[in-house]
Amino acid sequence: MDKIVALCKRRGFIYPGSEIYGGITGFWDYGPLGVELKNNIKREWWKSIVYDRDDVVGIDAAIIMNPEVWKASGHLDAFTDPLVECKTCHHRFRIDHLPGVSREEKYYKFDQYPFPCPTGGHEINLGMLNKLPKEIKSIEPRHFNLLVEAKIGVVEGEKKTAYLRGEITQGAFVNFENIVNSSRVKIPFGIAQIGKAFRNEITPGNFTFRSREFEQMELEFLVKPDDRESNKWFEYWRKERMRWYLDLGMKKENLRFRIHEESERAHYARSAEDIEYNAPFGWSEFEGIHHRGDWDLSRHNLKYKDERAKEEFTPWVIETSGGVDRSTLFFLVDSYYEDEKRVVLKLHPKLAPVKVAVFPLLANKLPLVKMAKDIYHNLKEQINGMIAFDDRGNIGKRYYSQDEIGTPFCVTIDFQSIEDKTVTIRDRDTMKQERLEISKLQEYLKKKLS
Ligand code: GAP
């Protein structure tokens with residue numbers, strides 16, 4: 001992880017938020033390469049969920065909604081994490097993040113133990129918990145609501161409390177009628193959305209993995225209220241979402257499904273399964289497939305009229321909810337490769353922030369530079385994505401610099417290029433170089449990059 005975090009900062013993927021003012025816990029900024037990677041992930045998701053299908057439409061709802069939405073959706077009451085506070089030093093912790101607390105204990109047993117405070121400097125494991133005198137460092141759990149509050153209005157004293165959305169989901173449900181009435185969707189159909197969500201996480205950490213501001217990409221797929229129908233779609237979407245990560249190059253051995261126990265399911269979920277990644281800090285959820293039943297639409301009093309069958313019902317919802325930041329992090333981790341000579345991000349070409357880098361062999365030979373610039377400008381027009389130009393240092397250093405950010409192809413213009421109108425193309429993964437006529441360059445790259 002340390003290597004990834006350092007690479008992200010050094011090469012402009014991800015920076016700590018507000019760094020020059022000492023930072024702010026749980027907030028991160030994406031730099032020039034990070035925003036490209038994140039946008040590429042979002043674009044691929046939108047393509048597979050909306051453009052490639054004819055049963056899903058997209059929306060982009062507001063981050064702040066009428067607070068009644070959160071009352072109805074159950075988030076004001078039930079969107080909580082178990083929080084403990086040390087009676088001595090008043091530091092607060094999420095109970096399942098205390099060392100030695102297993103996933104099961106988080107949900108079943110947290111109110112049975114006096115946990116020692118991590119700031120007390122004790123070596124903690126469950127075996128020794130009972131041996132510590134309770135009165136020294138006893139901490140008791142309570143539930144802490146994760147919604148981030150905002151004050152809306154201009155007159156002091158009359159400002160209203162609102163909430164930054166804790167999940168982007170509710171925007172899809174409150175617009176359900178608008179979408180049905182304004183587009184031609186018929187059940188089963190889906191509503192797709194990508195956007196920011198905010199949670200007052202008790203213990204943000206593991207780089208961007210648990211942040212207080214993050215982005216989600218979600219599909220709410222509405223089906224008939226029927227067990228067979230909803231199970232069929234649940235199965236379909238869990239496979240489909242796993243396939244998407246595999247198609248974009250994530251290693252199979254680093255991915256797995258994990259079914260939620262009844263006790264750990266969110267308040268809205270009838271059943272839930274996570275897609276987990278084998279992260280440096282352990283297997284970690286980065287997408288959830290949830291059977292939300294009729295929880296949301298019935299809480300918002302919404303029904304669907306099937307004109308043909310002349311029936312009215314509350315649809316059930318199968319949701320796929322992925323984290324853009326967690327996917328970005330895990331695509332970085334998964335593609336990271338190093339040997340004695342170089343560090344490489346073996347990102348799928350569709351995700352790579354820079355698609356092609358163009359080099360003149362020597363920076364002080366004008367005809368080489370001119371030809372390289374012409375090719376660079378031409379590729380910028382023809383190829384969808386970032387094209388880089390680099391004439392610093394020697395060729396070897398330029399290759400390694402591009403490897404480190406995952407650029408799939410480097411094109412070098414040398415003296416032979418001037419004579420016979422050919423260039424060399426170097427492949428990031430194999431490091432092999434081949435000569436190609438300039439006239440065939442665009443076609444070659446377009447094919448390889450798709
Ligand atoms: N609408 C359902 C929902 O929000 P969730 O399991 O709470 O479900 C879905 O969140 C995804 O959002 C997670 O799998 C994760 O990728 C991302 N996510 C949730 N909390 C996050 C956080 N604090 N920081 C970064 N990503 C987060």
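Begin by selecting the seven strands that form an open sheet in this predicted model; their order is 3-10-11-17-14-13-12, and the pairing is mixed. At the edges are strand 3 (56-58) and strand 12 (255-259), each of which pairs on one side only. Viewed along the sheet, neighbouring strands are turned against each other by 25° on average, direction ignored.

Next, select strand 10 (residues 189-198) together with strand 11, which pair in the antiparallel sense over ten bridges. Within this pair, Ala197 stands opposite Phe214 of strand 11.

Now add the helices. Helix 9 (residues 227-247) lies across strand 11, strand 12, strand 13 (271-279), strand 14 and strand 17, and runs at about 150° to strand 14. Helix 11 (residues 324-335) lies across strand 10, strand 11, strand 13, strand 14 and strand 17, running at about 110° to strand 11.

Then turn to the ligand and show the 21 residues around it, of which Glu167, Thr169, Ser211, Glu218 and Glu285 come nearest. At least two residues of this shell come from each of strand 11 (213-223), strand 14 (282-293) and strand 17 (316-323), and strand 14 gives the most, with five residues. Coloured by residue class, the shell divides into four nonpolar, seven polar and ten charged residues.

Finally, select the oxygen atoms of the ligand and look for polar partners. An N or O atom in the side chain of Arg199 is 2.8 Å from a ligand oxygen, while a backbone N or O atom of Phe286 lies 2.9 Å from a ligand oxygen, and a polar backbone atom of Glu287 is 3.5 Å from one. Of the 560 Å² of accessible area that the ligand has on its own, the protein covers 94%.

Conventions. Residues are numbered from 1 along each chain as its sequence is written. This is a predicted model: local features need pLDDT of at least 70, side-chain atom pairs count only at pLDDT 80 or more; totals for chains, interfaces and linings use all residues. Side-chain values use heavy atoms; hydrogens and water are left out. A residue is near a molecule or strand if one of its heavy atoms lies within 4 Å of it. A polar contact is a pair of N or O atoms within 3.5 Å; within protein, one must be able to donate a hydrogen and the other to accept it, and residues adjacent in sequence count only if both atoms are side-chain atoms. Accessible areas come from the Shrake-Rupley method with a 1.4 Å probe; for residues, only the protein chains shown count as cover. Helices (H or I, at least four residues) and strands (E, at least two) are DSSP runs, numbered from the N terminus. Ala, Val, Leu, Ile, Met, Phe, Trp, Tyr, Cys and Pro count as nonpolar, Asp, Glu, Lys and Arg as charged, and the others, Gly among them, as polar. Two strands pair if DSSP finds at least two bridges between them. Axes are lines fitted to C-alpha atoms, for helices over the stretch in contact, and angles run from 0 to 180 degrees between N-to-C directions. Contact means heavy atoms within 4.5 Å.
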